[in-house]
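Trainee: I'm new to this one. Can you walk me through it?
Mentor: Sure, take a look and then ask away.

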Amino acid sequence: MEDRSLYRRILLKVSGEALMGGQSFGIDVSVADRIAADIAEVHALGIEIGIVIGGGNIFRGVSVAFCGGDRVTGDHMGMLATTINSLALRTSLTKIGIDSAVLSAIAMPRICESFSQRKAIAYLNTGKVVIFAGGTGNPFFTTDSAAALRAAEIGADLLLKGTQVDGIYSVDPKIDSSAKHFKHLSYEELFKRGLTVMDTTAVTLAKENDIPIIVYTIHEKGGLAKVLKGKSRFTTVSDNRS
């Protein structure tokens with residue numbers, strides 16, 4: 001295909017909230033199906049795809065600490081929420097004929113396979129979409145950090161984060177209509193401006209492994225393929241402006 005993406009392997013980070021759709025909690029199956037269709041469109045280009053999904057639509061571990069509970073237990077509960085979302089997305093991919101595997105950082109052999117770098121790369125090489133569940137497997141780390149870690153481990157060419165808006169802005173564009181949209185930022189500029197689209201650990205991991213980050217809206221049908229072909233609005237974070 002003349003306009004196919006230049007990327008060989010990507011890691012897509014999807015927030016748990018994206019799966020809620022218009023609901024206040026849980027999973028909107030129609031949204032999971034649309035995201036799966038976007039993934040299938042990119043898969044058809046021959047691009048290898050790894051995915052990390054958050055769990056905020058079901059449970060946020062940090063909320064336990066805010067209420068005076070144990071943060072470690074809360075984060076373990078959040079890891080289970082990411083596994084639920086991963087299984088839901090696998091179901092949506094299976095419905096449209098996309099072979100996928102869920103690899104969990106927490107051993108749950110009755111539900112899914114355990115993560116190993118070797119297994120993940122082997123599956124990607126055979127064309128399977130690989131969904132990474134359970135975050136990093138450790139408390140105190142976000143799923144953004146898990147996404148950057150898995151991107152480095154599988155040798156991804158690009159880390160994409162699907163968000164509620166079409167890139168990174170100077171301030172929240174939903175609050176301030178004069179917010180400036182950035183087409184490109186360096187990792188250092190992201191730190192200096194205090195823009196929190198991904199946590200510091202995640203951005204540092206991406207920087208140290210020279211993995212560009214693209215931030216785009218998860219809500220546009222077919223948006224993932226458009227971004228990879230440079231035909232949509234998004235923000236790139238990297239030290240290379242070419």
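**The sheet and its neighbours**

Mentor: Start with the sheet: 9 strands form an open, mixed sheet in the order β4-β3-β5-β2-β1-β6-β10-β11-β9. Strands pair here if DSSP finds at least two bridges between them. Strands (E, at least two residues) and helices (H or I, at least four) are DSSP runs, numbered from the N terminus.
Trainee: Which strands stand at the edges?
Mentor: β4 (113-114) and β9 (184-185). Each has a single partner strand, so one side of each is left without a neighbour in the sheet.
Trainee: Before we go on, what kind of model is this?
Mentor: It is a predicted model: local features need pLDDT of at least 70, side-chain atom pairs count only at pLDDT 80 or more, and totals for chains, interfaces and linings use all residues. Residues are numbered from 1 along each chain as its sequence is written, and side-chain values use heavy atoms, with hydrogens and water left out.
Trainee: Back to the sheet. In which sense do β10 and β11 pair?
Mentor: Antiparallel, over 3 bridges, with β11 covering residues 235-237. Val215 stands opposite Thr235 in β11.
Trainee: What does helix α1 touch?
Mentor: Helix α1 (residues 29-43) packs on the sheet and touches β1, β2 and β5. Its direction makes about 155 degrees with that of β2. Contact means heavy atoms within 4.5 Å. Axes are lines fitted to C-alpha atoms, for helices over the stretch in contact, and angles run from 0 to 180 degrees between N-to-C directions.
Trainee: And which strands does α5 lie across?
Mentor: β1, β2, β5 and β6 (158-163). α5 runs at about 170 degrees to β1.

Trainee: Switching to charges. How many salt bridges does the structure hold?
Mentor: There are 12. A salt bridge is a side-chain nitrogen of Lys or Arg within 4 Å of a carboxyl oxygen of Asp or Glu.
Trainee: Which residue forms one with Arg9?
Mentor: Glu48 does, with the closest N and O atoms 2.6 Å apart. This pair links distant parts of the chain: Glu48 is in strand β2 (residues 48-53), Arg9 in strand β1 (residues 9-14), 39 residues apart.
Trainee: Is Arg9 buried or exposed?
Mentor: Arg9 counts as buried, because its relative accessibility is 4%. Glu48 is buried too, at 17%. Buried means under 20% relative accessible area, exposed over 50%, partly exposed in between (1.4 Å probe, protein chains only).
Trainee: Where do Arg150 and Glu153 lie?
Mentor: Both are in helix α5, 3 residues apart, about one turn of the helix. Their side chains meet in a salt bridge at 2.7 Å, N to O. Arg150 is buried at 4%, while Glu153 is partly exposed at 23%.
Trainee: What about Lys226?
Mentor: Lys226 and Glu220 meet in a salt bridge at 2.9 Å, N to O. Lys226 is partly exposed at 34%, and Glu220 is partly exposed at 28%. Elsewhere, salt bridges that share partners join Arg8, Arg9 and Glu48 into one network.

Trainee: Now the empty space. How many cavities of 30 Å³ or more turn up?
Mentor: Just 1 in the whole structure. It holds about 40 Å³ of space.
Trainee: How are those spaces defined?
Mentor: On a 1 Å grid over the protein atoms alone, a cavity is a set of points where a 1.4 Å probe fits but cannot get out. A pocket is an open set with protein on both sides within 12 Å along at least five of seven lines, and lining residues have an atom within 4 Å of a point. Grid points are joined across faces, edges and corners, and a volume is the space filled by probe spheres set on the points.
Trainee: What lines the largest cavity?
Mentor: Its lining includes Leu12, Ile35, Tyr216 and Glu220. The largest share, 3 residues, comes from α1.
Trainee: And how much space lies in the largest pocket?
Mentor: About 990 Å³. It is lined by 46 residues, of which Lys13, Arg60, Asp144, Lys161 and Val197 lie nearest its centre. α3 gives the most to that lining, with 6 residues.

Trainee: Last one. What is the phi of Phe140?
Mentor: Positive, about 75 degrees, although Phe140 is not a glycine. Phe140 lies in the loop between β5 (129-133) and α5 (143-154), and is exposed at 52%.
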